[in-house]
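Trainee: I have a model open and I'd like to go through it with you at the bench. Can we start with the side chains and then work out to the strands?

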Amino acid sequence: MFVSQVLSLFTLFLSVIVVSASPVPSFSNATIVDDLIARGTGEHNGIASYYYPGGGYGACGTRIQNGDKAVALSTGEWQNGALCGKSIRVTNKANGRTVTGVIVRDLCPGCQPRDNNKNNVDLTSGVFGQLDSLSKGLLDVVWYFED
């Protein structure tokens, strides 16, 4: 009995030494932050469309120009306007282009029915054009709230 307990403790001791001697992988800060965002609740995968607000008022009560960094959220994400003024970062999955500082300024009632995904967004033509050609019409995107 005593010999088996000693062997068990010795085996445990050796396994601790082997594990603590294993190399630790190194990551850049950007990789760590992107990984944490992707694993957290902040990642939204959806479809981006675009529109021409033409200086009209958005659902948040401010005028929006075509070239403004503005986004309209789907009704599923809208939260009764609670997200007005929040900033998002949106990335085109096909080419990796990203636009930051895109402000929630409008509601897009037509975004959700497209594929029943509350994460769809409607970007101003200016933002969409930074991600890809307007001729694409729709983009597969991932987006995150920045603040």
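Trainee: Is D140 buried, partly exposed or exposed, and what is its relative accessible area?

Mentor: Keep in mind that this is a predicted model. Buried means under 20% and exposed means over 50%, with partly exposed in between. D140 falls in that middle class, so it counts as partly exposed, with a relative accessible area of 41%.

Trainee: Which side chain does D140 meet in a salt bridge?

Mentor: In general, side chains of opposite charge can pair when their charged atoms come close. The cut-off here is within 4 Å, from a side-chain nitrogen of Lys or Arg to a carboxyl oxygen of Asp or Glu. At 3.9 Å, N to O, D140 makes such a bridge, and the partner is K93.

Trainee: How many residues apart in sequence are the parts that K93 and D140 tie together?

Mentor: Look at where each one sits. K93 lies in the loop between β3 and β4, while D140 is in strand β6, residues 139–145. K93 is partly exposed too, at 42% relative accessibility. The pair therefore ties together parts that are 47 residues apart.

Trainee: How many salt bridges does the count come to, and which side chain meets R105 in one of them?

Mentor: The count comes to two salt bridges. In one of them the N to O distance is 3.3 Å, and R105 meets D68.

Trainee: Where do D68 and R105 lie, and how far apart in sequence are the parts they tie together?

Mentor: D68 lies in the loop between β1 (44–51) and β2 (70–74), and R105 is in strand β4. R105 is buried at 18% relative accessible area, whereas D68 is partly exposed at 23%. Because one sits in that loop and the other in a strand, the pair ties together parts that are 37 residues apart.

Trainee: In what order do the strands close into a barrel?

Mentor: Six strands take part, and their pairing is mixed. Neighbouring strands of this sheet are turned by 45° against each other on average, direction ignored. The order is β1-β5-β2-β4-β3-β6.

Trainee: How many bridges join β3 to β4, and which residue stands opposite S87?

Mentor: Strand β3 covers residues 87–92 and β4 covers residues 98–108, and the two run antiparallel. Four bridges join them. Opposite S87, in β4, stands I103.

Trainee: Moving to the rings, are Y50 and F128 stacked, tilted or edge-to-face?

Mentor: A search of the whole structure finds three aromatic pairs. Y50 and F128 have their ring centres 4.8 Å apart and their planes at 50°. Planes under 30 degrees apart would count as stacked and over 60 as edge-to-face, so this pair is tilted.

Trainee: Which elements hold Y50 and F128, and how many residues apart in sequence are the parts they tie together?

Mentor: Y50 lies in strand β1, and F128 lies in helix α4, residues 125–131. F128 is buried at 0%, and Y50 is partly exposed at 25%. The ring pair therefore ties together β1 and α4, parts that are 78 residues apart.

Trainee: Which residues do ring pairs link into a cluster?

Mentor: You already have two of the members, since Y50 and F128 form a ring pair. The cluster is Y50, Y52 and F128.

Trainee: What kind of pair do the rings of W143 and F145 make?

Mentor: W143 is buried at 0%, and F145 is partly exposed at 26%. Their ring centres are 5.3 Å apart, with the planes at 80°. That angle is over 60 degrees, so the pair is edge-to-face.

Trainee: What is the handedness of the link between C60 and C84?

Mentor: The structure holds two disulfides, and in this one the sulfur atoms are 2.0 Å apart. C60 sits in the loop between β1 and β2, and C84 in the loop between α3 (75–78) and β3, 24 residues apart. With -85° about the S-S bond, the link is left-handed.

Trainee: And what is the handedness of the link between C108 and C111?

Mentor: Here the S to S distance is 2.1 Å. C108 is buried at 9%, and C111 is buried at 0%. The angle about the S-S bond is 95°, and the link is right-handed.

Terms used: Residues numbered from 1 in each chain as written. Predicted model: local features only at pLDDT ≥ 70, side-chain atom pairs only at ≥ 80, totals over all residues. Heavy atoms only, no water. Pairing = 2+ DSSP bridges. Axes fitted to C-alpha atoms, helices over the stretch in contact; angles between N-to-C directions. Buried < 20%, exposed > 50% of the residue type's maximum accessible area, 1.4 Å probe, protein only. Phe/Tyr/Trp six-rings, centres within 6.5 Å; stacked < 30°, edge-to-face > 60°. Disulfide = S-S within 2.5 Å.
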